[in-house]
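Here are some exercises to work through with the model open beside you. Try each task before reading its solution.

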Amino acid sequence: MRRFCTFIFILLILLVCGLTTHQAVYAAEADSLLRLIKKQKNSPEKIDNMLALAFYYRSVKKDSAMLLINQAEALSEKMDYKQGIAVANYRKSTLYRYKGELQKAIEHAKTYLEMAEGLSDTSMIAKASYNLALNYNIVGNPQKALTYHRIARAAFKAENNLKNLCAVNNAIGNLFSDIAFYDSAAIYYNSCIDIYVTMGNNIDKAIALCNLGNVYTNTGNYESAINILNESIELSIENIENNLYDNLANSYSYMGIVYYNLMDYAKSLYYYRLSDSVYSIVDNKRGTHNLQMSKAHIYNELKKYSLAHQHYLTALKYFREQGISDGIIVAWQGIADNYASQGLYKKAIVYYDSSLKLAKETGYILRQVQVLDNIYDFYATIGNYKEALNYHELLLKAKDSVLNQDIAFITSDLMFKYDTQQKELDLLKQKHETLRIMKQRNSFIYTFLGIIILTLYLILYFRTKHRKNKYLAEQKIRQLEEEKKLLAARFLVEGQEKERKRIASAIHDSLGVLLSASKMHVTAIKDSSPENKALIEKATKFLDDASGEMRQISHNMMPGLLTKMGLYEALEDLFENISDTEKIDALVELVGPKTERLPENHEIMIYRIVQEMVNNTLKHAGASKIDLVMVMHPDQLDINYSDNGKGFDVEEKIAQKSLGIQSIHSRVSFLDGQINVRSAPGKGTVYTIHIPLVHKEEE
C-alpha cells in the first residue's frame, strides 16, 4: 500500500507538472487571444478569435467557453455572419459532448451540418459529419454513426487528409468494437497505427493502441492486451503535454479490466486508482463515474457489499443527472447483483426489472441481451426454474434479434460498397457520353471549315472513331459489370463462411454451456429426489441427445478440426465418419505435405466443395462406394472424386440449375479453379477439379 501511494504521488506530480506546462502554453496563447479580442471592433475576425478562445477554454474553463460561444453566436447573428453561427454550433456540440449532455450535443451537431451544407463547404461538411457520427455512436446508434462516418471518410479521402482520415478510421473501429465486431475494429485500428508509424505521429498512435488493447481484452487475448496498453501508457506519458490525459486514464482503466477478467482484483484496483487520479486532474466526470462502477464490481466480488453499493449509488446519481441511459442500466444491474449476492432477492428483481424496462425503451438490443442473461442466471441460481426458463426463452429471442441486426448491418455494408461501385460505373458512362457529345460537336465545326472532300473524309473518320470508342466503352462497361458481379459473389461467399464460423462458435460456446449446466442441475436433483429417478434419468438422456445434436450442428456449420489441424485432417475425419456408418465404403487418398497449410478461406472453400459432392452422393446417388484422391502440387491442387451410384444427366442438371451443382461450381470459381463433371444414368459420377494454389505465407 505504501509503495502504491508513493507511486501515485510521484505520478500525480509528473502529470500535474505536465498539465501545468501544457496549461501554461495554452494560457499564454489564450491570454494573447483575449488581449487581441479586447482591441478588435466587431467583425468576422473578432468572432473567429472568440470561438478560437472558447476552444482553448473547453477543458479547463467550460463555463467561460460556453459564455464566449454564446457571445460569438449573438454577434454573428447581428452581423449575419453565417460561418460564425455554424462554427458556434460546432463548438457547442463538442463542449456538450465533453460534459456528457449528448442530446444537446446531437442537436447542435445537426444544426452545424445543415449550415455547412447550406454553405456548400466540403471541409465543414466532413467535419460536421464526423462530429455527428461520434455523438450517435456514444448514444448507441451504430447505423446512423456509420452513415455519417462514411460521408466524412469520403470527404477526407478526397482531400488526401491522412490525419483526419485516420481519425475517422479510429472512430469506425470504436463503432465496430461497441457492437462486438472485434475483427473489423482491429482492422481499422491497425490501419491507423500503420499510417501513424509512417508519419511518426506518436500522439494519435497512443490513442489507437489504447483502443486496440481494449479489443484484445474483449476477445480474451489478455497477454497481447497488456503489452499494447503498456505501450499506449508509455507514449501517453512521454507526450502528456499534448493533452493525452484522457487517453492515459483510458489505458489505465482498460488495464484494470484486463486484471479484473484475470481475477487479480488487487492489480485491477491499482490501475483503476491510477485512472481515477488522471481523470480527477482533468475533471472528467464521466470517466470518474464509470470507474465508480468498475470498482463496485470488484468490491462485490470481494463481498464488500456496503462499499460496492455506495459506489453504484454514486455513479447512478451522476448518470441520472446527465440523462445517460446506458449508464443507468449498468448501475441498476450492479445494484441488483449486489442485492442478489446478499440474498435480498426481492430487492434484486426490482432493479433487474427496471434495467430491462429501460433497455427496451432505449432500443439498445445488446444491452437487453446482457440484462436478460443476468436475470436468467439470477432465477437459475435461486432455484426458480420456471422463471429461469421463461427468461431463457426471451434471451434466445433477443439473441436472434442481435443476429438479425448483425446480418442487417453486414448487408448494409455490402450494399453500400455495391452502390459505390454502381455510382462509379454510372460516372464512367456519363463521362463517355460527354466525350461523345464533345467530339461530335467538334466534328461539325471542322466539317463547315473544310472543303467537301475534307468534309467527307472527316465525317468518315469521326464516325469510325466514334464506333470504335463506343465498342471499347461497351466492352469496358461489360467487364466492369462482370467484375462487380464476381466481387459481390466473393463478398457473399466469404460472408456466409464467416457467419457459419461465428454461429458455430456461438452455438458451441453458449448453448453447449447451457446444456451442460442444465445436465449438472438435473443430475444434482436425482440424489435429492429418488422417487423421480426414472423421470430424471430420462431428462438426462434427452439433454445428452440435445448436446450431441448441438455438437453435430456446430460441426456441420464449421468443423473445429478444419480450423485447428487443417484441410487434410478434416477430410480424413469426414471420410472416417462416413465409413463408420457401414452403409457405404468411403476411401480417401491425400497426397502432398500434410503439414503445409493453405489460407483459411481456401481450406474452408475446398472442404465445402468436397462436402457438397459427398452430400450429393449420400442424398441422391444410392452409391455403395466413394473414392477421393487429392494431390497437392507446388502450384496446383488436383481433386478427383467418384462414386458408383445411379448417375445423372449432367446437361439436364445444369439446365435445371441444380443447387448442388451450382454450389460446387460457384465455390470452384471463387478459387479461380476449373471443374469437369462426367456422369450418365447408371454410370456413376466423376468430378475432376483443378485449383491454383496460394500458400499461407504468400497470401
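**Exercise 1: two loop residues**

Asp672 sits in the loop that links helix H26 (659-670) to strand S4 (674-679); helices (H or I, at least four residues) and strands (E, at least two) are DSSP runs, numbered from the N terminus. This is a predicted model, in which local features need pLDDT of at least 70, side-chain atom pairs count only at pLDDT 80 or more, and totals for chains, interfaces and linings use all residues. Residues are numbered from 1 along each chain as its sequence is written, and side-chain values use heavy atoms, with hydrogens and water left out.

Task: find the phi of Asp672, then decide whether Asp672 is buried or exposed.

Solution. Start with the backbone: Asp672 is not a glycine, yet its phi is positive, at about 60°. Next, look at accessibility, where buried means under 20% relative accessible area, exposed over 50%, and partly exposed in between (1.4 Å probe, protein chains only). Asp672 has a relative accessible area of 54%, so it is exposed.

Now repeat the steps for Asn160, in the loop between helix H7 (142-158) and H8. Its phi is also positive, about 55°, although Asn160 is not a glycine. With 61% relative accessibility, Asn160 counts as exposed.

**Exercise 2: the two sides of H9**

Task: check the length of helix H9 (residues 182-199), then work out which of its residues are buried.

Solution. First, the length. The expected span of a helix is 1.5 Å times one less than its number of residues. For the 18 residues of H9 that gives 26 Å, and the end C-alpha atoms are 26 Å apart, so the two agree.

Second, the burial. Ala185, Ala186, Tyr189, Cys192, Ile193 and Tyr196 are the buried residues of H9. They lie on the same side of H9 because they cover an arc of only 130° around the axis, the arc being that of the directions from the helix axis to the C-beta atoms. On the other side of H9, the exposed residues are Asp183, Ile187, Asp194 and Thr198.

Third, the neighbours. The buried residues of H9 pack against helix H8 (162-178) and helix H10 (202-218), where contact means heavy atoms within 4.5 Å. Ala167 is a handy place to look within H8. Leaving out residues up to four places away in sequence, Ala167 touches Tyr130 and Tyr196. Ala167 and Tyr189 are 22 residues apart in sequence, and their C-alpha atoms are 9.8 Å apart.

Finally, step past the end: just after H9, Gly200 has a positive phi of about 70°.

**Exercise 3: a helix pair**

Task: describe how helix H2 (residues 44-57) packs on helix H3 (residues 62-79).

Solution. Two packed helices are described by the angle between their axes and the distance between the axes. For H2 and H3 the angle is about 160° and the axes are 8 Å apart. Axes are lines fitted to C-alpha atoms, for helices over the stretch in contact, and angles run from 0 to 180 degrees between N-to-C directions. H2 is therefore roughly antiparallel to H3 (angles under 35 degrees count as roughly parallel, over 145 as roughly antiparallel, 65 to 115 as roughly perpendicular and the rest as oblique). To finish, find the contact: H2 contributes residues including Ile47, Leu51 and Tyr57, while H3 contributes residues including Leu68, Ala72 and Met79.
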